[in-house]
Amino acid sequence: MSSDAKVLTKKEQNSSLLEKIKPHLELIAASLSGVFIALGWIFDKYGFGTDSIIVYLLAFVIGGFAKAKEGIEATYENKELNVEMLMIFAAVGSAIIGYWTEGAILIFIFAVSGALETYTMNKSHKEISSLMELQPEEALLISNGYEKRVPVSELRVGDHILIKPGERVPSDGMIIKGQTNIDEAAITGESMPVSKGEQADVFAGTVNMTGSITVQVTKESSDTLFRKIIQLVQSAQSEKSPSQLFIERFEGTYVKVVLLVVVAMFFLPHFLLGWSWHESFYRAMILLVVASPCALVASIMPASLSAISNGARHGILVKGGVHLENLGHLEAIALDKTGTLTKGKPEVTEVLVKEGLKKEQLLWQAASIESHSNHPLAIAIVKYAKRNVTKELFHPDSLEDIPGWGVKAEINGEQWKIGKAAFVGKEDVDQFADGKAKELASRGNTLVFIEINGELCAMIALKDVVREETKLAINHLKKQGIHTVMLTGDSEKTARAIAAESHVDEFFAECLPESKVEHLKQLKAKYKTVAMVGDGINDAPALAIANVGIAMGGGTDVALETADIVLMKNDLPRIADAINLSQRMNKIIKQNVIFSISVIMLLISSNFFQMLDLPFGVIGHEGSTILVILNSLRLLKS
């Protein structure tokens with residue numbers, strides 16, 4: 001190996017070491033500051049006065065550098081004093097009156113609380129870092145029958161890529177060949193792999209577990225769901241809650257008031273109360289320490305970041321602290337029906353066949369006809385038949401599609417008609433199976449009728465079925481005292497049936513996008529804070545006007561962009577989890593604010609009555625800041 005290669009390797013090693021140390025630099029500096037304080041105290045005790053001052057100065061510089069730099073830069077940019085500047089003044093003032101140990105301890109504890117706050121930030125950023133590491137950099141492109149490794153950024157919509165077992169999916173796409181199990185934990189939080197075959201969607205960042213699959217790219221690398229998740233969490237961390245914004249506005253004014261009171265305390269107690277100049281200056285320095293709102297300033301942001309991080313880990317993506325804060329005050333929630341309360345795709349609920357005919361045989365023949373249609377009802381019938389019939393589907397002898405009515409076909413000389421009631425004869429429908437059609441329709445079913453050689457032979461009932469978890473989610477919301485409303489474009493009859501089945505308090509049928517907006521406005525007038533849950537383009541206006549817009553992760557791009565919160569697993573009970581998380585966050589913020597204000601008031605009054613010494617003022621003030629941050633970190637736990 002050449003000397004250049006050795007040098008390069010050494011540089012790489014040093015760079016790698018620096019990257020590992022970088023997140024812990026503040027804590028290392030604080031620890032070193034603590035070591036120098038201990039040395040200074042020992043030197044002071046054994047009569048090395050000059051040496052102890054040098055050691056204390058090192059403690060000041062090493063422990064206080066990060067916060068001092070932050071404070072000076074913020075003051076220069078905003079043209080306003082801040083908490084960091086108060087701490088610098090207090091530490092320097094303590095040193096001036098000979099309290100080197102206390103000033104150094106103040107810097108040390110302030111550095112520790114700063115390191116803890118940075119740890120909270122890093123913890124919340126960790127979700128993004130771990131996600132970004134899951135994004136593959138290369139893909140195996142299939143072009144003209146050849147395989148070629150290309151950067152993911154070069155993939156275009158329509159390209160075909162090969163994904164082998166154990167590889168991560170490099171881009172959003174649709175399987176066109178092969179079958180496999182996909183681990184989607186990175187996207188949905190679901191630990192169980194999902195079985196996927198042809199026509200199924202796959203997402204960038206997920207893991208192909210078992211079989212080789214060929215995937216057609218459906219989105220550019222910058223538009224993938226994976227990339228959107230990263231952008232959502234990043235925007236959430238930069239957006240501040242109303243409480244945080246209030247504290248930040250209040251901080252600048254408060255710092256000015258504290259400095260004015262401190263200056264007044266240099267002189268007034270000496271002339272009015274007869275304190276000595278030393279006592280007045282000493283008490284002013286203690287006031288500078290204890291009146292600083294460090295704990296109050298640290299009451300909100302660490303709690304918000306911890307809660308957002310917790311939510312992201314459980315498939316609840318919140319776009320900012322403001323939305324999470326609002327969620328805790330929710331009084332009513334409106335939910336779209338299709339794709340939110342229901343699965344969004346019709347399923348066969350019942351098949352009634354005329355006496356004397358074999359159900360399996362008839363279903364097999366009907367599915368063979370319907371397999372030539374792309375209508376959602378036809379697709380549902382074929383899917384149902386494949387689960388219940390063992391025979392392979394066949395091609396009918398002839399086939400004619402009658403738009404808006406149904407389909408005609410011929411099988412072995414028999415004339416088949418499959419479609420709506422009017423297509424086969426309304427009178428026959430009313431009499432079929434003792435009038436069961438009316439009962440099934442009243443329960444929200446769509447009915448498809450089968451006629452063979454002019455005789456009504458079967459009726460298939462289909463319905464967009466309510467998700468299994470819907471009732472559980474609605475019941476959770478009701479227990480939390482939240483009024484539930486269903487909004488749907490369906491008919492009154494279908495809406496009533498679904499509303500009863502899903503346990504919502506109220507429903508509105510035949511809603512156009514503008515009607516949903518009107519209903520949201522009425523709900524907002526009646527209830528203080530209202531959320532909207534949806535997944536489609538038609539839900540976007542309502543999601544935008546609600547106090548909190550919640551989108552299902554499998555929804556349209558427009559819904560995902562408009563919403564404030566995204567449920568990655570399409571899992572409605574997660575709404576109750578998000579509300580619980582919000583309420584926990586709001587509770588912890590209240591605890592922090594009340595505790596920090598109480599400590600400040602207690603320390604200020606104790607100082608005024610000359611009951612508080614500087615060391616205890618430092619410990620009380622900075623200790624409260626550390627406790628507030630540690631209390632916020634509890635939100636990282638599930």
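**Stop 1: the β14-β15 hairpin**

Select β14 and β15 in this predicted model: the two strands form a hairpin, with two residues between them. In the turn you will find Asn 412, whose phi is positive at about 50 degrees. Now colour residues 406-411 as β14 and residues 414-419 as β15; the strands run antiparallel and are joined by six bridges. To see one pair across the hairpin, show Ala 409, which stands opposite Trp 416 of β15.

**Stop 2: across to β16**

Keep Trp 416 on screen and add β16, residues 446-452. Four bridges join β15 to β16, and this pairing is antiparallel too. Which residue of β16 is the bridge partner of Trp 416? Select Ile 452 and you have that partner. Trp 416 can therefore serve as your landmark here: Ala 409 stands opposite Trp 416, and Ile 452 is the Trp 416 bridge partner in β16.Next, move along to Asn 453, in the loop between β16 and β17 (455-466). Phi of Asn 453 is near 50 degrees, a positive value in a residue that is not glycine. Most residues other than glycine have a negative phi.

**Stop 3: helix α20 and the residue after it**

Jump to helix α20, residues 492-502. Which residues of α20 are buried? Select Thr 494, Ala 495, Ala 497, Ile 498, Ala 499 and Ser 502 to highlight them.

Now show Glu 492 and Arg 496 as sticks. These two form a salt bridge, with their closest N and O atoms 2.9 Å apart. Both lie in α20, four residues apart, about one turn of the helix. Residues three or four places apart in an α-helix point the same way, because the helix has 3.6 residues a turn. Glu 492 counts as partly exposed because its relative accessible area is 39%, and Arg 496, at 48%, is also partly exposed.

Step past the end of α20 and you reach His 503, with a positive phi near 75 degrees. His 503 sits in the loop between α20 and β19 (506-508). Is His 503 buried, partly exposed or exposed? With 32% relative accessibility, His 503 counts as partly exposed.

**Stop 4: two more salt bridges**

The structure holds 15 salt bridges, and two others are worth a visit. Side chains of opposite charge can pair when their charged atoms come close.

- Select Lys 69 and Glu 73: the closest N and O atoms of this salt bridge are 3.3 Å apart. The two residues are four apart in helix α3 (residues 49-78), so about one helical turn separates them. Lys 69 is partly exposed at 42% relative accessibility, and Glu 73 is partly exposed at 40%.
- Select Lys 343 and Glu 347: in this salt bridge the closest N and O atoms are 3.4 Å apart. Lys 343 is partly exposed at 39% relative accessibility, as is Glu 347 at 29%.

**Stop 5: a three-stranded sheet**

Go to β5, β6 and β8, which form an open sheet in the order β6-β5-β8 with antiparallel pairing. The edges are β6 (194-196) and β8 (207-208), each of which pairs on one side only. Zoom in on β5 (residues 180-183), joined to β8 by two bridges. Pick Ile 182 and look for Asn 208, the Ile 182 bridge partner in β8.

**Last stop: a positive patch**

Switch to a surface view and select Arg 584, Lys 587, Arg 634 and Lys 637, which form a positive surface patch. Arg 634 belongs to the segment after α25 (614-633). At 41% relative accessibility, Arg 634 counts as partly exposed.

Terms used: Residues numbered from 1 in each chain as written. Predicted model: local features only at pLDDT ≥ 70, side-chain atom pairs only at ≥ 80, totals over all residues. Heavy atoms only, no water. Pairing = 2+ DSSP bridges. Patch = residues over 30% accessible without salt bridge, like charges linked within 9 Å, V, L, I, M, F, W, Y side chains within 5 Å. Areas by Shrake-Rupley, 256 points an atom, 1.4 Å probe, with all protein chains shown as cover. Salt bridge = Lys/Arg side-chain N within 4 Å of Asp/Glu carboxyl O. Lys, Arg positive; Asp, Glu negative; His and termini not counted. Charge placed at Lys NZ, Arg CZ, Asp CG, Glu CD. Buried < 20%, exposed > 50% of the residue type's maximum accessible area, 1.4 Å probe, protein only.
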